[in-house]
Amino acid sequence: MEIGHGAHQASILIEAEDFDDFGGWVLDSQFEAVMASPYLMAHGLGRPVADAKTVVRIPETGQYHVLVRAKDWVPDHHPGRFKLAINGIALAEDFGASGRDWSWEYGGVVEIAEGDAQLVLIDQTGFNGRCDAIYLSKGATWPAAGLADTEIGCFHLSEVHNAKKEVQPRVQA
Ligand SMILES: [Ca+2]
């Protein structure tokens, strides 16, 4: 686990492939050349696979922005959707439904207490949902600049901004 990039804005990167228990998810690296990182895939042939789980150490209590790097592999249909639960509470967001192939998807803000926190990937479809990594940050801006691309797999501020704007109407030039 990478912990504590940036001294006063706690942020934590959790690679999906570092989860303690993959459940029914499988480690895949088909896109590793593009991604710079392997990921977990829910290859369930249409039946949701068992949850993947891990425990991470949260350095300090607070409100954390949640980002999940996921792939929407058929952007018209979002077949590979999954949820993320933190300490037993699933976020409202369906990940893998961004309409934008691999991207960082914004999951909102969650209060997390210092100490061990459980993260669970909950497959919704059984149709190859893919999760590369999860990023938790207390920063109001995205303090990813301190992370090498190889660590976080092409994290770009523009992607995050796009993710947050996705519900707004597109402005035609
Ligand atoms: Ca990864």
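Reader: Which residues touch the most other members of the largest nonpolar core?
Author: In this predicted model, the largest nonpolar core has 38 residues, and Leu 40, Val 68, Leu 119, Leu 121, Cys 131 and Ile 134 are the ones that touch the most other members.

Reader: And which elements give two or more residues to this core?
Author: They are β2 (11–15), β4 (39–43), β5 (52–58), β6 (62–72), β7 (82–86), β9 (101–112), β10 (115–123) and β11 (127–137).

Reader: You listed Ile 134. What is Ile 134 in contact with, leaving aside its neighbours within four places in sequence?
Author: Ile 134 is in contact with Ile 14, Val 68, Leu 84 and Leu 119. Of these, Val 68 and Leu 119 also appear among the core residues that touch the most other members.

Reader: Could we step back for a moment? How many helices and strands are in the protein chain?
Author: The protein chain has three helices and 11 strands. Read from the N terminus, the order of the elements is β-β-β-α-β-β-β-β-β-β-β-β-α-α.

Reader: What share of the residues is buried?
Author: Of the 173 residues in the protein chain, 41% are buried. As for contacts with a separation of 6 or more, 75% of them are between residues 24 or more positions apart.

Reader: Back to the strands, then. Is β11 largely enclosed or left open?
Author: β11 is largely enclosed by the rest of the structure, because 11 of its 11 residues are buried.

Reader: Which strands pair with β11, and over how many bridges?
Author: β2 pairs with β11 in the antiparallel sense over five bridges. β4 also pairs with β11 in the antiparallel sense, over four bridges. β6 and β11 are joined by seven bridges, again in the antiparallel sense.

Reader: Which residues face each other there?
Author: Between β2 and β11, Ile 12 has Leu 136 as its bridge partner. Leu 136 is also the bridge partner of Val 66. Leu 40 stands opposite Cys 131 in β11, and both Leu 40 and Cys 131 are among the core residues that touch the most other members.

Reader: What about the open sheet of four strands: what is its order?
Author: The order is β5-β10-β7-β8, and the pairing is antiparallel. β5 and β8 (89–90) stand at the edges with a single partner strand each, so one side of each has no neighbour in the sheet.

Reader: How many bridges join β5 to β10?
Author: Seven bridges join these antiparallel strands. One example to look for is Ile 58, whose bridge partner in β10 is Gly 115.

Reader: And β7, is it mostly covered or mostly open?
Author: β7 is mostly covered, as four of its five residues are buried. β7 pairs with β10 over five bridges and with β8 over two bridges, in the antiparallel sense in each case.

Reader: Where does Ala 85 fit in?
Author: Ala 85 has Val 120 as its bridge partner in β10, and it stands opposite Ala 90 in β8.

Reader: What is between β7 and β8?
Author: The hairpin of β7 and β8 has two residues between the strands, and Asn 87 takes a positive phi near 50° there. Asn 87 is a residue other than glycine. With 14 other C-beta atoms within 10 Å, Asn 87 is partly exposed.

Reader: Which other residue has a positive phi, near 55°?
Author: That is Asp 101, which is likewise not a glycine. Asp 101 is in strand β9 and counts as partly exposed, with 13 C-beta neighbours inside 10 Å.

Reader: Now a change of topic. Where is Gly 46, and is it buried or exposed?
Author: Gly 46 is in the loop between β4 and β5. Gly 46 counts as exposed, with 9 C-beta neighbours inside 10 Å.

Reader: What does Gly 46 touch, not counting residues up to four places away in sequence?
Author: Gly 46 touches Gly 126 and Phe 127. In addition, Gly 46 and Asn 128 are 82 residues apart in sequence but 8.5 Å apart in space, C-alpha to C-alpha.

Reader: Last topic: what pLDDT does the chain average?
Author: The average pLDDT of the protein chain is 80, and 75% of the residues score at least 70. Over residues 143–173 the pLDDT is below 50, and the model gives this stretch 43 contacts beyond near neighbours in sequence. Residues 1–7 stay under 50 as well, with 19 contacts beyond four places in sequence.

Definitions and conventions:
Residues numbered from 1 in each chain as written. Predicted model: local features only at pLDDT ≥ 70, side-chain atom pairs only at ≥ 80, totals over all residues. Buried ≥ 20, exposed ≤ 12 C-beta atoms within 10 Å, placed from the backbone. Contact = placed C-beta atoms within 7 Å. Core = buried A, V, L, I, M, F, W, Y, C linked by C-beta atoms within 7 Å. Pairing = 2+ DSSP bridges. pLDDT = per-residue confidence, 0-100.
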